[in-house]
Amino acid sequence: MKLAALSSALAVAMGGMGYMAWQSMGKVTADQVGCFANAPQPQTVVLLDVSEPRFNDEQARSLKRYLDQLYKSLDFNERLSVVTTAEDQIGSVPKARFHVCGQATSAAELEAVNAEGASAGFLAKQKQRLYEKVFAPAIASVLSPDAASRQRYQSPILEMVKGIRHFQPLRPGDRLIVVSDLIQNSDSVQFCRTQNDMPPFSVFSKRPVYGRLKPDSMEGIDVELLMIQRHGYGQGEFSYCYSEEELSRFWRDYFSANGVDKPSLIRIRHGYVEG
């Protein structure tokens, strides 16, 4: 009798395992950075200017807080890519230093893309693990000064924006976040350092050089500028930029002329962030 009961229980258990295995067949899984390749994937691209002079320690902490909050606020499967102005990016197709995707917060989100559901508690822990193992170390790396890097002064923001727009799959509703002092410095133009290289955008846009730097239309793309504040506008190496407002006005006009509706600007001052 006991043997028969045990056999029956075993059969039920094996049947349950078989049912679970059958249920799991055909389910999709995320890759190692939490992305589901065949599910809808909105994009956020961060362009991080790593040229000298870099941000000071307080500004770096402000940036880290901003980027941490950005990670926490990602929608499910939203792809966050970080592109830098490091030496191997200049004059090439912009490639992301790293990327991660926003994590699900409910079983329903996973089931909607044909993935296995999970509890909210498990999903929160999974999101934290991805932060600790992938996102936080990668952010620490790009925010830390790289003494071995040969990239010191090139800040080709115009070229990088054009390259990102052309080679990244940005669509209406996606985001571009530019983290920079916004002092363009490349072989094409040198803002603040060369006289008349940064006239009002309405004048700059008529110059032949702009024909080579103009990006594809950015209509429908949200743009946010995180402006690293500098001291000494109008003197020294910044002799030909007379104010922070002169720079910010140029870039707002540039993005507006290329289809962006009300580009926003946040100033990153010494130890705090200001709109």
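## What does α8 lean on?

Which elements do the buried residues of α8 pack against? In this predicted model, the list takes in α5 (157–167), β4, α6, α7 (208–213), β5 and β6 (264–268). The residues of α8 that count as buried are Glu244, Glu246, Leu247, Ser248, Phe250, Trp251, Tyr254 and Phe255. If you have the structure open, those are the side chains to pick out on this helix.

As for the helix itself, α8 has 14 residues and covers 20 Å from its first C-alpha to its last, which is close to the 20 Å expected at 1.5 Å a residue. An α-helix has 3.6 residues a turn, so residues three or four places apart point the same way. Keep that in mind when you look at how Leu247, Trp251 and Tyr254 sit among the buried residues of α8. After α8 comes glycine 259, and its phi is positive, near 100 degrees.

## The chain as a whole

Let's step back to the overall picture. The protein chain has 275 residues, and buried ones make up 45% of them. Its secondary structure adds up to 8 helices and 7 strands. Take the contacts in the chain with a separation of 6 or more: 76% of them are between residues 24 or more positions apart.

On the outside, the accessible surface of the protein chain is about 14,300 Å². Carbon and sulfur atoms account for 55% of that surface.

## Two disulfides

How many disulfides does a search of the whole structure find? It turns up 2. Counting bonded cysteines along the chain, they follow the pattern 1-2, 3-4.

One of them joins cysteine 35 and cysteine 101, with the sulfur atoms 2.0 Å apart. The torsion about the S-S bond of this pair is about 95 degrees, so the disulfide is right-handed. Cysteine 35 sits in the loop between α1 (2–24) and β1 (43–48), while cysteine 101 belongs to strand β3 (residues 98–101), so the bond ties together parts that are 66 residues apart in sequence. Are these two cysteines buried or exposed? Cysteine 35 is buried, with a relative accessible area of 4%, and cysteine 101 is buried too, at 0%.

The other pair is cysteine 192 and cysteine 241, whose sulfur atoms are 1.6 Å apart in the model. With -85 degrees about the S-S bond, this link is left-handed. Cysteine 192 lies in the loop between β4 (175–180) and α6 (201–204), and cysteine 241 in the loop between β5 (222–228) and α8 (244–257), so the pair ties together parts that are 49 residues apart in sequence. Cysteine 192 is buried, with a relative accessible area of 1%, and cysteine 241 is buried at 0%.

## Loop residues to look at

Threonine 85 is in the loop between β2 (79–84) and β3. Despite being a loop residue, threonine 85 counts as buried, at 0% relative accessibility. Its side chain has a partner: a polar contact of 3.2 Å joins threonine 85 to the side chain of aspartate 49.

Then there are two asparagines with a backbone quirk. Asparagine 77 has a positive phi of about 65 degrees although it is not a glycine, and asparagine 196 likewise has a positive phi, of about 70 degrees, without being a glycine. Where do they sit? Asparagine 77 is in the loop between α2 (57–72) and β2, and asparagine 196 is in the loop between β4 and α6, the loop that also holds cysteine 192. Their surroundings are a contrast: asparagine 77 is buried, with a relative accessible area of 0%, whereas asparagine 196 counts as exposed at 55%.

## How far to trust it

The mean pLDDT of the protein chain is 86, and 84% of its residues reach 70 or more. Which stretch stays under 50 with 1 contact beyond four places in sequence? That is residues 1–23. Over residues 271–275 the pLDDT is also below 50, but this stretch has 15 contacts beyond near neighbours in sequence in the model.

Note on methods:
Residues are numbered from 1 along each chain as its sequence is written. This is a predicted model: local features need pLDDT of at least 70, side-chain atom pairs count only at pLDDT 80 or more; totals for chains, interfaces and linings use all residues. Side-chain values use heavy atoms; hydrogens and water are left out. A disulfide is a pair of cysteine sulfur atoms within 2.5 Å. Helices (H or I, at least four residues) and strands (E, at least two) are DSSP runs, numbered from the N terminus. Buried means under 20% relative accessible area, exposed over 50%, partly exposed in between (1.4 Å probe, protein chains only). The expected span of a helix is 1.5 Å times one less than its number of residues. Contact means heavy atoms within 4.5 Å. Accessible areas come from the Shrake-Rupley method with a 1.4 Å probe; for residues, only the protein chains shown count as cover. A polar contact is a pair of N or O atoms within 3.5 Å; within protein, one must be able to donate a hydrogen and the other to accept it, and residues adjacent in sequence count only if both atoms are side-chain atoms. pLDDT is the predictor's confidence in each residue, from 0 to 100.
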